[in-house]
Amino acid sequence: MALVDRLQPLKVIAVKYAAVLAAGQITRIDVSKLAKYEEAAKVLRYSTGFWCGLHALGAGAFLQIINRVNEAIDNGKTDELDINGLMRKVHFSIGLMTKDSALSYEIRGAAVIAEEDVDTAIADILPEINQYEEDDRYE
């Protein structure tokens, strides 16, 4: 639950980004400021809960969209971007990141964890997840 809560500000960013795309604009986002969300989504992907995993999938998909748009801007290829398609993908990502009754059911009785404890837990497990992914053991 702590990781899902940590990703809620990213959902707000995604909603604002969707509004920018809906206005027909493309803008670059500094992804270095989103690193903590990327880490939380990566750890959440390995949770045992189905709905928590979907939440992580939505966050990861949104971060990939941002990276794709940033790359197009950096390479001067914004004319190749389908803004409507991007907006639909962002909307879908937001849907996956939305807390609903199924997620609440899955995490009922979860303990409240202090923010610094979440940071410590992510820092402890992230090297193991990175090694796991590098070794291709997850495939």
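1. A good place to start is Arg6, which touches Lys36, Tyr37, Ala40, Glu115, Val118, Asp119 and Ile122, leaving aside residues up to four places away in sequence. Do bear in mind while reading that this is a predicted model. Arg6 belongs to helix 1, residues 2–6. Its relative accessibility is 8%, so Arg6 counts as buried, the cut-off for that class being under 20%.

2. Two of the residues touched by Arg6, Ala40 and Ile122, turn up again in the packing of helix 3 against helix 7. Helix 3 covers residues 35–44 and helix 7 covers residues 115–134; their axes are 10 Å apart and meet at an angle of about 65°. That angle makes helix 3 roughly perpendicular to helix 7, since the class runs from 65 to 115 degrees. The crossing of this pair is left-handed.

3. Now for the residues behind that contact. Helix 3 supplies Glu39, Ala40, Lys42 and Val43, while helix 7 supplies Ile122, Ile125, Leu126, Ile129, Asn130 and Glu133. Sorted by class, the contact of helix 3 with helix 7 holds 6 nonpolar, 1 polar and 3 charged residues.

4. Helix 2 (8–22) and helix 5 (residues 83–96) are also worth a look: they pack with axes 9 Å apart, at an angle of about 160°. Helix 2 is therefore roughly antiparallel to helix 5, as angles over 145 degrees fall in that class. The crossing of helix 2 and helix 5 is left-handed.

5. Which residues of helix 2 meet helix 5? They are Lys11, Ala14, Val15, Tyr17, Ala18, Leu21 and Ala22, and they meet Ile83, Leu86, Met87, Val90 and Ile94 in helix 5. The class count for the contact of helix 2 with helix 5 is 11 nonpolar, no polar and 1 charged.

6. Finally, how many salt bridges does a search of the whole structure find? The search returns 1. In the salt bridge, the side chains of Asp74 and Arg28 come together at 2.7 Å, N to O. This pair joins distant parts of the chain, 46 residues apart: Asp74 sits in helix 4 (residues 50–74), and Arg28 sits in the loop between helix 2 and helix 3.

7. You may also like to check how accessible the two partners are. Asp74 has a relative accessible area of 46% and is therefore partly exposed. Arg28, at 42%, is partly exposed too. The upper limit of that class is 50%.

Terms used:
Residues are numbered from 1 along each chain as its sequence is written. This is a predicted model: local features need pLDDT of at least 70, side-chain atom pairs count only at pLDDT 80 or more; totals for chains, interfaces and linings use all residues. Side-chain values use heavy atoms; hydrogens and water are left out. Axes are lines fitted to C-alpha atoms, for helices over the stretch in contact, and angles run from 0 to 180 degrees between N-to-C directions. Helices (H or I, at least four residues) and strands (E, at least two) are DSSP runs, numbered from the N terminus. Angles under 35 degrees count as roughly parallel, over 145 as roughly antiparallel, 65 to 115 as roughly perpendicular and the rest as oblique. A crossing is left-handed if the near helix is turned anticlockwise from the far one by less than a right angle, and right-handed if clockwise. Contact means heavy atoms within 4.5 Å. Ala, Val, Leu, Ile, Met, Phe, Trp, Tyr, Cys and Pro count as nonpolar, Asp, Glu, Lys and Arg as charged, and the others, Gly among them, as polar. A salt bridge is a side-chain nitrogen of Lys or Arg within 4 Å of a carboxyl oxygen of Asp or Glu. Buried means under 20% relative accessible area, exposed over 50%, partly exposed in between (1.4 Å probe, protein chains only).
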